[in-house]
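Colleague: I would like a close look at one single part of this model, explained slowly enough for a first-year student to follow.

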Amino acid sequence: MAIKRFGVSIDEEVLSTLDRYVRENNFSNRSQAIRSLVEQYIVENKWQKNEIVAGAIVILYDHHKSDIIIRLNEIQHDYHEMILSTQHFHLDHDTCLEIIAVKGRAKLLQELADLILSRKGIIHGKLVMSKAE
Ligand code: NI
């Protein structure tokens with residue numbers, strides 16, 4: 001993609017906020033930070049407009065708790081068309097970390113994430129929203 005340059009007029013306070021954002025997030029320059037913010041906006045917009053998006057559902061759970069393994073398996077089969085892959089890590093004797101890579105209509109992915117994250121036995125979970133293209 002061609003790189004275009006443009007001048008930006010911005011007041012000092014906003015500029016110092018941008019520079020702080022650059023430092024705190026270890027961007028190498030302002031351009032990189034602005035690109036990242038615009039990408040973030042694009043991703044949020046795609047999710048709001050129910051477009052085809054991608055992401056990951058990250059969950060931490062105790063596999064002994066209730067019927068969580070069976071329920072997680074059933075839910076993933078119900079939504080198999082939008083699950084790209086599931087990675088399971090046995091962190092210790094009790095705790096499992098699972099990363100479920102997903103792609104599909106934003107609303108359906110949100111629905112799937114809500115179903116999984118609200119399961120009894122989930123210690124921590126998060127839907128990471130990204131885009132498919
Ligand atoms: Ni495990």
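Which residues does aspartate 62 touch, not counting residues up to four places away in sequence?

Modeller: Aspartate 62 touches Ile68, Asp94, Gly121 and Ile123 when residues up to four places away in sequence are left out, where contact means heavy atoms within 4.5 Å. Before going further, please keep in mind that this is a predicted model, in which local features need pLDDT of at least 70 and side-chain atom pairs count only at pLDDT 80 or more, while totals for chains, interfaces and linings use all residues. Residues are numbered from 1 along each chain as its sequence is written, and side-chain values use heavy atoms, with hydrogens and water left out.

Aspartate 62 belongs to strand S1, which covers residues 52–62; strands are DSSP runs of E with at least two residues, helices are runs of H or I with at least four, and both are numbered from the N terminus. The residue is buried and yet has no salt bridge, the nearest side chain of opposite charge being that of lysine 65, 4.1 Å away. Here buried means under 20% relative accessible area, exposed means over 50%, and partly exposed lies in between, using a 1.4 Å probe and protein chains only. For charge, Lys and Arg count as positive and Asp and Glu as negative, whereas His and the chain ends are not counted. A salt bridge is a side-chain nitrogen of Lys or Arg within 4 Å of a carboxyl oxygen of Asp or Glu. A polar atom of the aspartate 62 side chain does, however, lie 2.9 Å from the backbone nitrogen of histidine 64.

For contrast, it helps to look at pairs that do meet the salt-bridge definition, since the structure holds five salt bridges. One of them joins arginine 30 to aspartate 19, with 2.7 Å between the closest N and O atoms, and this pair links distant parts of the chain, as arginine 30 is in helix H2 (residues 30–48) and aspartate 19 is in helix H1 (residues 12–24), 11 residues apart. Unlike the buried aspartate 62, aspartate 19 is partly exposed at 22% relative accessible area, and arginine 30 is also partly exposed, at 39%. Another salt bridge pairs arginine 20 with glutamate 24, at 3.7 Å from N to O; both residues lie in helix H1, four residues apart, or about one turn of the helix. Of these two, arginine 20 is partly exposed at 42%, while glutamate 24 is exposed at 57%. Glutamate 51 and lysine 46 form a further salt bridge, their closest N and O atoms being 3.3 Å apart, and in this pair lysine 46 is buried with a relative accessible area of 14%, whereas glutamate 51 is partly exposed at 28%.

Finally, we can step back to the chain as a whole. The protein chain is divided into domain 1 (12–48) and domain 2 (52–131), with bounds that come from an automatic or database domain assignment. The centres of the two domains, taken over C-alpha atoms, are 29 Å apart, and five residues of domain 1 are in contact with nine residues of domain 2. In the loop between H2 and S1 we find asparagine 50, which has a positive phi of about 60° although it is not a glycine.

Terms used:
Polar contact = N/O pair within 3.5 Å; in protein donor to acceptor, adjacent residues only side chain to side chain.
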